[in-house]
Amino acid sequence: MTALMPAIAPHWRARKNYAGMAGWMIHIYNRLLRRTPQLPLPGRSRAVSVWLKDRRHPFFVRLGSTDMLVLDEMFHAREYSFVEESLRGVHRIVDLGANVGFSLRYWNEVFPGAKILAVEPEPENFNLCRRNVEAGGFADAVELVRACVGSHRRLAHLSGGDAWAYQMSSQPEAGAPSVPVVPLSELLETHFPCGQIDLLKCDIEGAERELFADCASWISRFKAIVIELHPPYSTAELFSDLNRAGAQFDLVREFSEKQCPVLLLRSRAS
């Protein structure tokens, strides 16, 4: 029993993150489901509500998925806290790769009243994203678009990865959903047709290379960017693409505790 204590202790401490024991039990059961994908355990993939401590509204997660991990990163580890600490007066946000909506809930919490354009391609993620936005009580502040972003319009297919790591592919896999690819300039023309946008959040599983390689038509509209870079796309390549587009950004903060670094950039023109 003593030998098990180091493994058990972090999960026992995690109970303080939840409003009651039920949330903590979901946390524990979700880890069991993740560790035993071959077992036909009940409830796998079912969406359930989880209540976090000191928050008024529930979050919806799928049992056995990465949803609980994303929730933990966003609200317990506070992965984007350096964005909150570095930016003020955020009123308009574009969130690329909204997943199941936890980043949207976070933006609504730290930048209350901000209008958000959220883009998420995977259909199950998209539906749960809508549900989490509605549960958070700020659906009127969010425009949800099911699409990928890219340099030109086309139809792509989502392949590989877990619920938080789908990638665009031109080759369909069996059962893989198809999704339209839309240039960001077109999305902005529809949803934020004029004026500056305070924050671009970009976590699109490697598609950032294509997005920023052709960003000249829209990059000047953004005051700040928080982006997760997926290898082989590097910080140097990102700045090279920005410079080629005529945009001058400074690196404000870098969060590098994950496998993929997360950068916060601020425009010199803002």
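**Glu208, helix α3 and an aromatic cluster**

A polar atom of the Glu208 side chain sits 2.7 Å from the backbone nitrogen of His230, a polar contact being a pair of N or O atoms within 3.5 Å, one able to donate a hydrogen and the other to accept it, with residues adjacent in sequence counting only if both atoms are side-chain atoms. This is a predicted model, in which local features need pLDDT of at least 70, side-chain atom pairs count only at pLDDT 80 or more, and totals for chains, interfaces and linings use all residues. Residues are numbered from 1 along each chain as its sequence is written, and side-chain values use heavy atoms, with hydrogens and water left out.

The Glu208 side chain also reaches the backbone nitrogen of Gly206, at 2.9 Å. Glu208 is buried (under 20% relative accessible area, 1.4 Å probe, protein chains only). Even so, Glu208 has no salt bridge (a side-chain nitrogen of Lys or Arg within 4 Å of a carboxyl oxygen of Asp or Glu); Arg209, the nearest side chain of opposite charge, is 7.8 Å away.

As for the rings, the structure holds nine aromatic pairs (Phe, Tyr or six-membered Trp rings with centres within 6.5 Å; stacked under 30 degrees between planes, edge-to-face over 60, tilted for the rest). Tyr106 and Trp107 pair edge-to-face, at 5.6 Å centre to centre and 65 degrees between the planes. Trp107 also stacks with Phe111, at 6.1 Å and 20 degrees, and both Trp107 and Phe111 are buried. Ring pairs join these three residues with Phe59, Phe75, Tyr80 and Phe102 in a cluster.

Key
Buried means under 20% relative accessible area, exposed over 50%, partly exposed in between (1.4 Å probe, protein chains only). Lys and Arg count as positive and Asp and Glu as negative; His and the chain ends are not counted.
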